[in-house]
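Open the model in your viewer and keep the selection panel at hand. Each stop below says what to select and what is there.

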Amino acid sequence: MNSDNDHRFHHHRRSRLRAALTAGALGTVLLVGGCGAAGDNASDAGAGSNDLKASAEKGVVDEQYAPEGAAASAAAGDKAEDGKQREKAPKPGAAGSHVIRTAELLVEVKSAPKAAAAARSAVEASGGLVASENTERIDDRHESSNLVLRVPQDSYQEVLRKLAGSGKLLSRSSNAKDVTEQVVDVESRIATQRASVKRVRELMDKAEKITDVVALEGELSSRQADLESLLAQQSSLKDRTSLATITLELTEPDAPRKAGEDDDPGFLDALGGGWDAFVTMFRWIAVAIGASAPFLVTAALLLVLWRVLRARRTARTAPAAPKPEQETTPAP
């Protein structure tokens, strides 16, 4: 009786232990399976993210290599680069102002050639140059000169004062135009255009299709032309802001006077003026006669020839005069 109870007790104990072991094993399997599934899901998610990233990068590259995409990408890059350059560009007045100065002088001098030589010497001594010079002879005794002078900005006022004091100043005008903002803007656009040209060349190096290369070559040519135009504007602005322009016109007085001569005209002045007028009139008459002499001689010859021909024609067409009849005397 007691042995049967012991046997049942041990059998029940073994059954509970076996059930506990089975439940523990099942839990371990489920736990391992759940971790593996989570890892697989994470791996799948990471792979999907990498695929999306690769697809996006491929799409960007394809868009850059496409003709329209290359132009759009380059244009967007130009806007971004232009914004950066404008932020980096110095404010007007930070690096000094840029001013274009011009002046025009009309001066009456005793001798235009001597005054022109003095003006050239003053300009060359200041480090400037003579851009153009034109000397014209008005008559036998008077000349006039027109000079375009380029003077450094530092010596502009001093040279202008010397030129104005070289004779009797008849008129003077000057102008100053501040182009600092224009200079800064052109410099910023040049930097942007250079970066744009560089970016298009990099795209050409990566391009594989012929159509892409042709499209990018056209875009590169257009941007290089724009860059050259901007460089020309920069050179012109630099030349006009570094050298001021002075236009000097030199004239001689119409009637030169001797030292101490009275301003009011006298008898001798009137006599001299009348004689000059007489000589001038006689000269014009002689010129007129000389110019018309060939025509007068030709007309005289034609008139003589016409009279001779008319006389001959009249002699031929005139009727013969009747002969007078002899008178007969009657016979005695």
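Start with the largest nonpolar core, which has 20 residues. A nonpolar core here is a set of buried Ala, Val, Leu, Ile, Met, Phe, Trp, Tyr and Cys residues joined through side-chain atoms within 4.5 Å. Buried means under 20% relative accessible area, exposed over 50%, and partly exposed in between (1.4 Å probe, protein chains only). Select Leu-105, Leu-163, Ile-246, Leu-248 and Leu-250: these have the most contacts inside the core.

The model is predicted: local features need pLDDT of at least 70, side-chain atom pairs count only at pLDDT 80 or more, and totals for chains, interfaces and linings use all residues. Residues are numbered from 1 along each chain as its sequence is written, and side-chain values use heavy atoms, with hydrogens and water left out.

Now colour the elements that feed this core. Strand 1 (99–108), helix 3 (112–125), strand 3 (143–152), helix 4 (156–164) and strand 5 (243–251) each supply at least two of its residues. Helix 3 gives the most, with 5 residues. Helices (H or I, at least four residues) and strands (E, at least two) are DSSP runs, numbered from the N terminus.

Centre on Leu-248. What does Leu-248 touch, not counting residues up to four places away in sequence? Leu-105, Val-107, Ala-119, Ser-145, Asn-146, Leu-147 and Leu-163. Contact means heavy atoms within 4.5 Å.

Another core lies apart from this one. It has 14 residues, among them Val-186, Ile-190, Ala-207 and Leu-237.

Go next to Thr-251, in strand 5. Thr-251 counts as buried because its relative accessibility is 17%. Leave aside neighbours within four places in sequence, and Thr-251 is in contact with Leu-106, Val-107, Glu-108, Val-109, Glu-143 and Leu-170. Add Ala-115 to the selection. The C-alpha atoms of Thr-251 and Ala-115 are separated by 9.6 Å, with their positions 136 residues apart along the chain.

Then show helix 5 (residues 180–206) and helix 6 (residues 210–242). Two packed helices are described by the angle between their axes and the distance between the axes. For helix 5 and helix 6 the angle is about 155°, and the axes are 9 Å apart. Axes are lines fitted to C-alpha atoms, for helices over the stretch in contact, and angles run from 0 to 180 degrees between N-to-C directions. Helix 5 and helix 6 are therefore roughly antiparallel. Angles under 35 degrees count as roughly parallel, over 145 as roughly antiparallel, 65 to 115 as roughly perpendicular and the rest as oblique.

Residues in the contact of helix 5 with helix 6 divide into 13 nonpolar, 6 polar and 8 charged. Ala, Val, Leu, Ile, Met, Phe, Trp, Tyr, Cys and Pro count as nonpolar, Asp, Glu, Lys and Arg as charged, and the others, Gly among them, as polar.

Zoom in on Leu-220 in helix 6. Is Leu-220 buried or exposed? Leu-220 counts as buried, at 12% relative accessibility. Beyond four places in sequence, Leu-220 touches Val-197, Val-200, Arg-201 and Met-204. The C-alpha atoms of Leu-220 and Val-197 are separated by 6.3 Å.

Select Gln-224, also in helix 6. Gln-224 is partly exposed, with a relative accessible area of 29%. Gln-224 touches Val-197 and Arg-201, not counting residues up to four places away in sequence.

Finally, zoom out. The protein has 7 helices and 5 strands. Of its 332 residues, 21% count as buried.
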